[in-house]
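Biologist: Please take a close look at the aromatic part of this structure. I should like the cut-offs stated, and afterwards an account of the other local features that deserve a place beside it.

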Amino acid sequence: MTLVNRETYREAMARFGAAVSIVTTDGAGGRFGFTASAVTSVTDDPPTLLVCVNRRNDSHPALMGNKVFCISTLAAGQEDISGVFGGKEATQKARFAVGAWHTLETGAPVLAGAVVSFDCRVVQITEIGTHSVVFGEVVAIEHGSAHDGLVYFGRAYHTLRRPTLP
Ligand SMILES: Cc1cc2nc3c(=O)[nH]c(=O)nc-3n(C[C@H](O)[C@H](O)[C@H](O)COP(=O)(O)O)c2cc1C
């Protein structure tokens, strides 16, 4: 058994494989985006997901103000985009220079080539520790043409092969 503290928890979570998404927002608060693995489905009635957002992220105030966001789940081969949106080095302008973007219902940017994208309106926010848990009602979905997915596991990216259905 391991003592539970911030470090041992982070180490344990490194063994928790997860899809990698780009979370974007746009509106009066400005256009922002960052990489997130803490995205989870909540319920299909009404279709709702959540994303856990560090309050220290530059994107946080914009997301709170715009009240809309899009989750673009990365495909195999989009690791570079995760890196650009997942660090503090690139400005928001430089981040959006990577990849091609369009919009669906809410105006939040949708990444071309993602495996799937969920366009959401914020319906609830819960604060816990360092993060805001942001619940979004999904108002539009886009299935990308990419075949294989991407997961982050053991602090590294791995391709997840999608079976070809008969
Ligand atoms: C693979 C990966 C997963 C991440 N998951 C999250 C997450 O779920 N929530 C979060 O707030 N930040 C997450 N981050 C960190 C943010 O992407 C990072 O802090 C980003 O620089 C924030 O940008 P901003 O401050 O410009 O908003 C993750 C980073 C990486 C590389």
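Modeller: Arg31 lies over the face of Phe96, at a distance of 4.2 Å from the ring centre (the criterion is NZ of Lys or CZ of Arg within 6 Å of the ring centre and within 35 degrees of the ring normal). The model is predicted, with local features requiring pLDDT of at least 70 and side-chain atom pairs pLDDT 80 or more, while totals for chains, interfaces and linings use all residues. Residues are numbered from 1 along each chain as its sequence is written, and side-chain values use heavy atoms, without hydrogens or water.

The ring beneath Arg31 also takes part in aromatic pairing, of which the whole structure shows 4 cases (ring centres of Phe, Tyr or the six-membered ring of Trp within 6.5 Å; planes under 30 degrees apart are stacked, over 60 edge-to-face, the rest tilted). Phe96 pairs with Phe85 in an edge-to-face arrangement, with 5.3 Å between the centres and 90 degrees between the planes. Phe85 belongs to helix H3 (residues 79-85) and Phe96 to helix H4 (residues 92-96), so the pair ties together parts that lie 11 residues apart in sequence (helices, H or I of at least four residues, and strands, E of at least two, are DSSP runs numbered from the N terminus). Because its relative accessibility is 6%, Phe96 counts as buried (under 20% is buried, over 50% exposed, partly exposed in between; 1.4 Å probe, protein chains only). Phe85 is buried as well, with a value of 2%.

Phe85 has a further partner in Trp101: this pair is tilted, with 5.6 Å from centre to centre and 50 degrees between the planes. Trp101 sits in strand E7 (residues 101-102) and Phe85 in helix H3, so this contact ties together parts that are 16 residues apart in sequence. Trp101 is partly exposed, at 21% relative accessibility. Taken together, Phe85, Phe96 and Trp101 make up one aromatic cluster. The cluster thus unites residues from H3 and H4 with one from E7, and Arg31 is placed over the face of its Phe96 ring.

Another buried position is Ser59, whose relative accessible area is 4%. Ser59 is part of helix H2 (residues 59-66). Leaving aside residues up to four places away in sequence, Ser59 touches Phe32, Gly33, Phe34 and Gln92 (contact means heavy atoms within 4.5 Å). Of these neighbours, Gln92 falls at the start of the range given for H4, the helix that also holds Phe96.

Charged side chains form a second group of features. The structure holds 3 salt bridges (a side-chain nitrogen of Lys or Arg within 4 Å of a carboxyl oxygen of Asp or Glu). In one of them Glu127 meets Arg55, with 2.6 Å from N to O. This pair links distant parts of the chain, for Glu127 is in strand E9 (residues 116-128) and Arg55 in the loop between E5 and H2, 72 residues apart. Glu127 is partly exposed at 46%, and Arg55 is partly exposed at 36%. In another bridge, the side chains of Arg155 and Glu11 come to 3.4 Å, N to O. Arg155 lies in the loop between E11 and E12 and Glu11 in helix H1, so the bridge ties together parts 144 residues apart in sequence. Both residues are partly exposed: Arg155 has a relative accessible area of 49% and Glu11 one of 46%. Arg6 and Glu7 form a further bridge, their closest N and O atoms being 3.9 Å apart; Arg6 is exposed, with 56% relative accessible area.

The backbone of Arg155 also merits attention, since most residues other than glycine have a negative phi, and most peptide bonds are trans. Although Arg155 is not a glycine, its phi is positive, about 60 degrees. The loop that holds Arg155 runs between strand E11 (149-153) and strand E12 (156-160). Lys67 likewise has a positive phi, near 60 degrees, and occupies the loop between H2 and strand E6 (68-73). Finally, Asp45 and Pro46 are joined by a cis peptide bond, with omega about 0 degrees. Pro46 is placed in the loop between strand E4 (39-44) and strand E5 (47-54).
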